[in-house]
Each structure stands twice: as structure tokens, then as C-alpha cells.
Amino acid sequence: MLTHDIIIVGGGGAGLRAAIAAAEVSQKLSIALVSKVYPMRSHTVSAEGGTAAVLRDFDNLDLHAKDTIFGADFLADQDAVELFVKEAPGELIQLEHWGCPWSRDPDGRVSVRSFGGMSVDRTLFAADKTGFHLLHALFQTSLKYDRIVRYDECFVTSLLVDGGRVRGITALNLYNGQLEVIVAKAVIVCTGGGGRVFPFTTNAAIKTGDGMALAYRAGVPLKDMEFVQYHPTGLPGTGILITEASRGEGGWLKNKDGYRYLQDYGLGPPTDTPVHRKMELGPRDILSRCHMQEYSKGRTFEGPYGHYVHLDLSHLGEEVIDKKLPFVRELARNYVGIDPVYEPIPVRPVVHYMMGGIHTDVTGKTPLDGLYAAGETACVSINGANRLGSNSLTELLVFGARAGRAAAEYALGQPSPTSNPLEAMAKDERQRLDRNLIRKPGGKERIAAIRQEMQKAMEDGAGIYRKEDEMKNSCNILRQLRERFSNIIIEDRGDVFNTEVTSALELDFMLDVAEAVVHSALNRKESRGSHTRTDFPKRDDAQFLKHTLAHRTPQGPRIEYLPVTITRWQPEERKY
Amino acid sequence: MSEIRPDKSKLYHPKMTSTWWLKRPNYVLFMLREWSSLFIALFLVVFLIQLHQLTYGPDAYRAFAHRLSSPGWVIFHIVALLFSLYHSVTWFYSSAIVMPLRIGERLVPRQLVVGLNLLVLAVVSIVILALFIKLHG
Amino acid sequence: MSKATITLNVARYRPGQEPAPKIQAYTIPYHNDWVVLDALNYIKDQIDGTLSYRWSCRMGVCGSCGMMVNGVPKLTCAAFLRDYHPQEIQVEPLAHFPVIRDLVVDINDFMDKLKSVKPWIIRKVEKPVSQGEYRQTPQELEAYKQFTQCINCMLCYAACPVYGLEPEFLGPAAIALGYRYNMDSRDQGQELRKPVLGDHAGVWQCTFVGECSEVCPKDVDPAAAIQRSKVEAAKDWFKSVLLPWGSR
């Protein structure tokens with residue numbers, strides 16, 4: 001049995017930041033970073049547009065907080081938001097010190113740009129591959145610390161819980177098929193969101209909600225799972241992300257008549273250059289809904305992958321595009337054969353981010369002693385019912401660091417754990433995996449078939465516009481899929497790098513996450529932020545100014561509620 | 001670093017064959033570039049021997065030069081010249097990569113650097129050839 | 001919907017089951033906007049669940065899906081079937097790396113080499129975060145920016161015959177990343193990187209075949225980084241010989 005002081009599950013932006021933060025708390029701490037992929041493959045790498053913080057004189061913390069809380073449709077915990085905006089600038093400067101190649105102004109200062117829902121320019125960027133540069137800067141910096149021990153390509157299958165505390169993890173070693181058991185005083189979950197429960201998503205294959213399911217199964221509630229963000233500009237078919245920065249630099253959204261339709265939905269008037277929070281710089285949930293309304297009016301294009309609209313960048317000119325949006329140009333040329341310098345890019349809303357996740361407090365602590373969470377997998381909540389673009393990368397850093405420090409302080413105060421009950425638990429886990437997956441005989445369902453039916457049920461029941469009977473139907477389908485999952489075929493009997501078993505493990509986790517999403521959505525009888533119901537179209541602060549908590553039971557999620565923390569910004573109508 | 005490593009005994013180690021360089025056109029071009037130095041070196045040896053003949057008097061020199069006019073030696077010299085030219089072109093290309101030329105903020109395109117170098121080479125060659133023709137002319 | 005098909009010849013290797021990789025043919029429906037990765041996913045989902053390979057972002061930025069496609073190192077998420085159809089496509093694991101299973105190779109050698117070039121900002125004195133960012137002009141950023149684009153996909157190692165023949169070679173990506181930090185105006189760690197970069201298995205083992213830069217999907221141009229590192233290393237050698245008491 002391997003022993004460390006802290007285990008971090010997931011090696012993306014939040015996990016790496018937490019690891020470095022914990023390593024800096026004390027020289028005595030030994031930190032395990034366990035990831036199912038090499039850290040530089042984590043989905044943080046795909047983030048493009050930027051990361052927000054108050055760095056300039058024309059900006060102030062209250063404004064960033066207000067933008068965030070407003071964008072969250074008042075479901076964000078305001079004490080958490082105040083803390084977030086305060087620590088954000090320091091975190092981004094720290095990243096600069098760690099080598100992140102931020103784009104610069106002529107005087108050498110870090111540049112900022114406009115982004116959706118933000119009142120002023122406050123989004124730092126590294127061309128249009130901010131997440132890539134952030135992740136590589138963090139990963140390469142993490143190599144400095146010998147006390148961060150990596151377990152690459154180790155798939156965490158369960159959290160070990162004993163005596164009301166988390167004690168460690170079990171993980172499948174992909175190289176030999178053995179179950180590794182790692183014991184620790186604290187565990188930080190940083191595994192990202194679960195966009196792959198939906199059929200069209202910007203998310204990578206690895207975004208299967210693993211950590212959310214791990215915590216959920218260990219008795220920790222998942223908070224605000226119904227809030228799923230659709231990014232308005234993804235490529236049809238593949239779902240590849242076309243960054244919001246393309247709109248921040250001045251791109252226009254046009255329907256099939258070449259008309260900038262957003263002006264019909266209260267986001268006007270249309271201007272030639274972008275105005276903060278107006279038109280194409282409106283918040284993502286509203287823009288995605290506008291697209292769907294255009295679709296219902298028959299004003300969108302039809303293509304082999306369904307309806308889409310045009311994102312027109314041609315008026316920006318080749319020089320601006322090559323300097324500020326070179327990756328967008330590359331993606332459009334490669335994947336849809338369009339050069340945005342000359343032609344508009346076909347785009348449509350695709351699932352992008354989960355505002356909900358593992359319930360934590362402002363230090364990243366969950367209700368389970370010793371368990372922490374940070375990043376997209378956690379819900380503090382600073383994003384509430386809808387996240388503003390460029391807050392997520394900042395969130396990884398602020399809360400990754402907070403969770404790392406909190407877990408480190410906790411671990412320093414704990415005695416070394418005894419491993420006796422854990423050996424038995426690990427043995428049980430090994431038998432569970434063998435019986436249900438690795439050595440599973442027979443079966444007749446293909447993993448891909450169940451996965452595709454789950455994704456369809458999510459698209460139908462938990463899409464941009466939701467309705468009671470559709471959600472109920474999806475809940476039933478998900479229950480049936482859970483039953484059918486026990487009958488899957490595992491063709492690959494090998495021990496070495498068995499990716500069929502990992503696909504099955506991921507599907508297992510996704511079914512839990514999907515259920516939490518739809519049940520939470522069904523119980524929220526209002527429309528707020530990204531959760532829009534045609535049967536309850538209005539926001540209802542009297543009944544629902546509260547967070548949804550989904551607890552796992554054998555019969556499905558049990559829903560409870562938690563009040564939202566309001567400090568200085570009273571809920572008002574959300575108009576742009 | 002990562003504590004978890006694949007089992008070495010189960011890895012398959014692919015072997016490179018001695019004809020690896022035939023697999024890609026760029027590898028072949030690379031080998032030709034490397035071999036060019038062999039031909040240039042051989043040419044230099046022959047040339048040094050030729051110069052050395054001067055110490056044996058004009059008759060010995062002329063006899064040696066006459067030997068070099070046989071078809072075999074002419075072909076050798078043509079081949080060496082071609083390899084030398086190829087070496088020069090690849091050298092110009094390398095220099096454009098190793099020392100990128102900047103005018104203000106803009107980078108001078110590599111093809112332009114190679115082209116300019118080739119132009120200088122052509123001009124110098126023409127001058128030398130003209131001198132040779134004039135002296136023998 | 002066309003009924004066209006395409007055949008992929010995929011290398012299979014299961015330790016204990018076969019002594020060396022063998023080719024297995026799969027014929028699948030052809031879609032003209034599919035990439036090789038889509039084809040592999042179709043095979044795994046519908047035909048043969050035992051096929052193992054790495055992938056994640058499917059948009060050319062995570063670096064997971066590098067494989068040999070018709071003998072050329074490529075990101076399979078950026079290799080379009082239409083560029084090969086109706087010919088058959090051969091898919092093999094990345095060259096010059098030990099094969100763990102099917103299309104999955106062992107990249108730990110690279111991970112060790114990456115760490116050895118100290119790919120982080122090294123400073124004699126750190127500036128406190130409260131004093132703000134290190135100033136860096138757009139020109140200073142340009143000096144190293146292209147070398148920051150490396151996604152660690154290792155196509156360059158698969159293309160480099162030196163790495164194939166002499167596996168101790170530091171390799172294109174590791175050297176390019178070492179160079180990236182040496183050229184970053186905020187870094188002061190050139191001295192500390194010298195032993196590794198200037199080693200005989202460092203920049204000097206490169207014979208400038210240049211294929212690494214040819215296959216790089218992100219235009220990092222590691223060949224340029226290596227040759228320029230050689231110039232720097234040579235300059236340092238001359239300085240140390242001609243000015244032995246000179247300040248560094």
C-alpha cells in the first residue's frame with residue numbers, strides 16, 4: 001500500500017495548482033498527483049479565450065464581483081465571489097512569474113481584452129490558446145517540486161472512506177491492470193466536469209465526470225447539477241470550441257438572412273465595434289437561447305449536423321485574426337474547410353461547462369472530512385446558474401490554490417493513518433471490479449450503445465429548453481440504462497492498457513452524473529441562468545433562490561436545498 | 001516523476017533497419033547531403049595532389065592534368081561539382097534557419113534568404129568563369 | 001448517405017498474445033469529413049472493443065493521439081480520411097518508442113528528458129507577486145513564442161532518425177523547450193541548462209536531418225531551436241577558451 005499525505009485526483013489546471021500550493025505549505029508533505037492521462041493532456045489545454053482578473057486602474061473588485069453575480073443570475077454565493085475576485089489578480093501574476101506567455105501591450109504589461117458579460121476589459125490571454133499555455137506553464141513548473149509524485153495513467157475507481165473520513169483511493173494501473181491502493185490524510189478531487197454525458201460538446205473524451213461520481217458515491221452531495229452551460233459558438237458535428245474571444249475581438253453572429261439577430265432579444269443596439277455586455281458580448285446562456293429561438297422561427301441554416309448560424313470575422317482583417325485568433329483560423333480551416341478571413345464560420349450552441357459539481361465551501365472543503373475539491377468538478381458556488389467566460393481558468397487557480405493549502409493544513413494536523421480496514425476495503429473494490437468489469441463473463445450490450453442512448457436522453461430532457469414530461473422521460477431512460485449497464489460486453493480481457501474497461505468505468509460514472517443533472521433540473525420549477533423551462537419560464541426568487549443538493553440513494557438522487565449567501569448585491573432583474 | 005511505469009518485460013522494442021533512410025524522401029536527401037562532404041573531400045585530395053605536381057615541374061603538372069581529362073575523371077569532377085552545389089544550397093537553407101534575418105519586426109522569408117545567397121553564388125561563379133575564359137581565351 | 005467504405009490496417013500488439021505487432025484489417029463506412037481518429041473510434045465502438053489507443057481533445061491541442069499513418073507521424077485527429085480514400089490506410093504506433101499495447105507507446109523517456117532541461121523560469125531573485133508582472137515587450141515575447149507551442153505530441157521523435165538509432169539523444173521537443181526558456185527574457189537559468197543541452201547526447205547529437213520540423217503539427221520548428229542552441233553553445237565554448245576569466 002502506497003502512502004502519501006495528500007492525494008490529488010486529476011492533473012489539470014486545478015490539480016496542478018493545488019499540488020504546487022500544497023508543496024509550498026510545507027517541505028514535509030508528500031503529494032501524490034493521480035491522473036488517468038498525462039497532465040498535459042488534461043482538458044484545461046483546450047481552453048482558448050482567456051482568464052479574468054482585476055489588474056487595471058479602470059477596473060475594481062466590486063465591478064468584477066457584480067458582473068459575476070449578475071451573470072450567475074444571483075445564484076452565486078456572494079462571499080465566495082468576493083473572495084474569488086480579490087485573489088484572482090495575484091494568481092494570474094503568479095502564473096506570469098511561472099512563465100506563462102501572456103500576450104503583452106507595447107509597454108510590456110500583460111494585455112487584457114473584452115469578454116462576454118464583463119463590464120470592462122479584464123480578460124488576460126495568451127493569443128487564443130490561454131488554457132494550453134496556462135496548463136503547460138503549471139505542469140512544467142510542477143516538475144520543480146520533487147515532493148509532487150505523479151501517478152500517470154492511473155484511473156481512480158473509488159474513494160476509501162472509513163470512520164466518516166476519506167482515507168485514500170483505489171486506482172487501476174493502466175500499465176498492468178493492477179489495483180493500486182494509495183493511502184493519504186487528505187484527497188483533493190480536480191477531475192473536471194462531465195460534458196460527455198451530452199452528445200454535442202466542446203469537451204474532450206476524458207470529461208466524464210469521474211470525480212463528481214466518486215464523491216457522490218462516497219456520500220457527498222452534488223450541488224446545482226441542473227446548470228449546464230451551452231457555449232453559443234461550437235462547430236457543428238464535432239462540437240469543437242470557437243472561442244468567445246472571437247466575439248470579444250468584434251465578431252458578429254448572423255442568421256441565414258445575414259442579420260445580426262441578437263438585437264431582437266434585448267441585447268442591442270448593434271454597433272460596428274463591440275460594446276461590453278451587449279450584442280455578441282452578452283452572456284452565454286442568453287446567446288444560446290437566442291440561437292434556439294431563431295431556430296424555432298426558421299431563421300437558421302440547415303446542415304448535415306443540424307441547424308447553425310454564421311460567426312462572421314471577415315471584417316476584422318487578416319492581420320488581427322493572425323495576431324489575436326490564429327488558433328480559430330486553424331480550427332476553422334482544418335475542421336470545416338472555412339478560412340474566417342474570407343468566409344463566416346458555421347456555429348451552434350454546444351455543451352461546454354457544468355456550473356454544478358461537488359459541494360464545497362470557500363476553502364474547497366466538502367462535507368466529508370479530508371475530502372476537498374476544486375475546479376469545474378467543484379461547486380463553491382461562484383458561477384451560480386451561469387458562468388461568465390474567462391472566469392473558469394481563474395477559478396482553477398484561485399480555488400486550486402485554496403484547496404491545496406486547506407488540504408495541506410489539514411494533513412499536517414492529522415496522525416498517520418492505520419491501514420487495516422483499508423486493506424479489506426481495497427480487496428472488496430478489486431472483487432467488485434473483477435466481477436462487474438475486468439473478468440465479466442457474457443453480456444450483450446455494447447458500451448457505445450448505452451452511452452449514445454444516455455447522450456440522447458440528456459439532449460432531449462436536459463437541453464437548452466426543458467419541460468417536465470421530457471425530463472421525467474429522461475429520468476426513466478437513465479434508470480433503465482443503469483439496469484442495462486450491468487449487462488455490457490467486455491471483449492478486451494487483457495491486463496495491459498485495457499481501454500474498454502476504462503470506457504466502461506467512465507460510462508458507469510457518467511450514468512450517475514446524468515441522473516443527478518436531470519433530477520435536479522426536474523425539481524427546479526423555475527427558469528434561471530442556463531436552466532430554462534418552457535413550463536416555468538420565469539425566475540422565482542421566493543421559492544428557488546437556493547442551491548440544489550443531490551444525494552445519492554439506490555433509488556436515485558434525493559434532492560435537498562441550501563440557501564444562497566447574499567452579502568451586498570440584492571437580486572434584481574437580469575437585463576443586459 | 002511518475003512512479004508508475006510500464007512493465008519493461010512486456011514492451012515491444014521496434015528495431016531500425018539499415019535501410020531506414022530509404023523510407024522517406026527527406027531522409028534520402030539528408031543522406032545525399034551527408035555524402036556530399038565525402039565527394040568534396042575526395043575532390044580536395046585530388047586537387048591538392050594536382051597542386052603538388054607543380055613541385056615536380058611543368059611537364060609533370062601537364063601530364064597529371066592530362067590524366068584528369070579522361071572520361072572517368074571528368075565524370076567524377078562533374079559529380080563532385082553537383083554534390084558541392086547541393087551542399088551549398090542546403091547550407092544556405094540551414095543558415096536561414098540558424099540565423100533568422102529580421103528587418104524591423106518582420107522576418108525575412110527563408111526562400112528569399114536562400115535565393116539571395118544563390119544569386120551571390122551565381123554572380124561570383126560567373127565572375128570567376130569569365131576571368132578563366134579571359135585568361136585562357 | 002454514401003455506401004462507400006474504407007479499410008484501415010491497424011497494428012495490434014497484446015503482450016503475451018503476440019511476440020510482435022501484427023496488422024489487422026478493418027473495413028468501415030467512409031465519411032468524407034471523418035479523421036482517422038473517428039475511424040478508430042468507430043472500430044472500437046462497433047466492431048472490436050479490444051483496440052487500445054490514446055485520444056482526448058480531438059482538436060489538435062492535447063497531443064495524445066500521435067500515430068504513424070501510412071508511415072508518417074501524424075495526429076490522428078487531424079488526418080482526414082478523404083486525403084487517403086479510396087486507398088487503404090495503415091495505422092501503427094509512433095515510431096522509435098517501445099510499444100505498450102496496440103497503438104499505445106511508452107513516452108516516459110521523453111517525460112524524463114523534459115524534466116532534465118529544467119523547463120521552468122529560473123531566477124536569481126524572485127520578484128514578489130505584489131509587485132506585479134515582469135515587463136516583457138511584444139518583441140521579447142516573439143523571440144521565444146513559437147517554441148511555446150509544443151503540445152508534447154512527440155511526432156518529432158518519431159520522425160528523428162537519430163533518436164531511433166541512438167535513444168539517449170535528448171530529442172527535438174525537449175531541446176526546443178529548453179531553448180524556449182533560455183530565450184524567455186524573464187529567465188536567468190541558461191547556465192543551469194548548459195550541462196544537459198551541451199552534453200554529447202544533447203544538441204550535439206543532432207545532425208540536422210530536419211524531419212522533426214517537417215512533421216511538427218504546431219510549427220514549433222524544433223530543428224531551428226536545436227541549431228540555434230548549437231550556436232549558443234559554440235559561442236559559450238569560444239568565450240570560455242578566449243576569456244577564461246570573463247564574466248558569464
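Into which domains is chain C divided? Select residues 5–105 of chain C for domain 1 and residues 108–242 for domain 2, bounds that come from an automatic or database domain assignment.

Before going further, keep in mind that this is a predicted model, in which local features need pLDDT of at least 70 and side-chain atom pairs count only at pLDDT 80 or more, while totals for chains, interfaces and linings use all residues. Residues are numbered from 1 along each chain as its sequence is written, and chains are lettered from A and ligands numbered from 1 in the order in which they are written.

**Stop 1: the two domains of chain C**

With both domains of chain C coloured, their C-alpha centres are found to lie 30 Å apart. Where they meet, 13 residues of domain 1 of chain C and 12 residues of domain 2 of chain C take part in the contact, two residues being in contact if their C-beta atoms, placed from the backbone, lie within 7 Å. On the domain 1 side, select β3 (66–69) and β4 (72–75) of chain C, the elements that give two or more residues to it; β4(C) gives the most, with three residues. Helices (H or I, at least four residues) and strands (E, at least two) are DSSP runs, numbered from the N terminus. By class, this side of domain 1 of chain C has eight nonpolar, four polar and one charged residues, where Ala, Val, Leu, Ile, Met, Phe, Trp, Tyr, Cys and Pro count as nonpolar, Asp, Glu, Lys and Arg as charged, and the others, Gly among them, as polar.

**Stop 2: helix α1 of chain C**

Within domain 1, select α1 (36–47) of chain C. The 12 residues of α1(C) should span 16 Å at 1.5 Å a residue (taken as 1.5 Å times one less than the number of residues), and the end C-alpha atoms of α1(C) are 15 Å apart, which agrees. Which residues of α1(C) are buried? Show Val36(C), Leu37(C), Ala39(C), Leu40(C), Ile43(C) and Lys44(C), which are buried, meaning that 20 or more other C-beta atoms lie within 10 Å of a residue's own, with C-beta atoms placed from the backbone. They cover an arc of only 160° around the axis, and therefore lie on the same side of α1(C); the arc is that of the directions from the helix axis to the C-beta atoms. Adding β1 (5–12), β2 (22–29), β3 and β5 (89–92) of chain C to the view shows what the buried residues of α1(C) pack against.

**Stop 3: where chain C meets chain A**

Now bring in chain A, where 40 residues are in contact with 40 residues of chain C. On the chain C side, α1, β6 (99–101) and α3 (138–145) each supply at least two residues, and α3(C) gives the most, with three residues. The residues of this side of chain C divide into 16 nonpolar, 12 polar and 12 charged.

**Stop 4: chain A, then chain B**

Viewed alone, chain A has a secondary structure of 15 helices and 24 strands, and its C-alpha trace spans about 70 × 55 × 50 Å along its principal axes. Buried residues make up 64% of the 576 residues in chain A.

Finally, select chain B, which gives eight residues to a contact that takes 10 residues from chain A. The side of chain B that touches chain A divides into three nonpolar, one polar and four charged residues.

Key:
A residue is buried if 20 or more other C-beta atoms lie within 10 Å of its own, exposed if 12 or fewer, and partly exposed in between; C-beta atoms are placed from the backbone.
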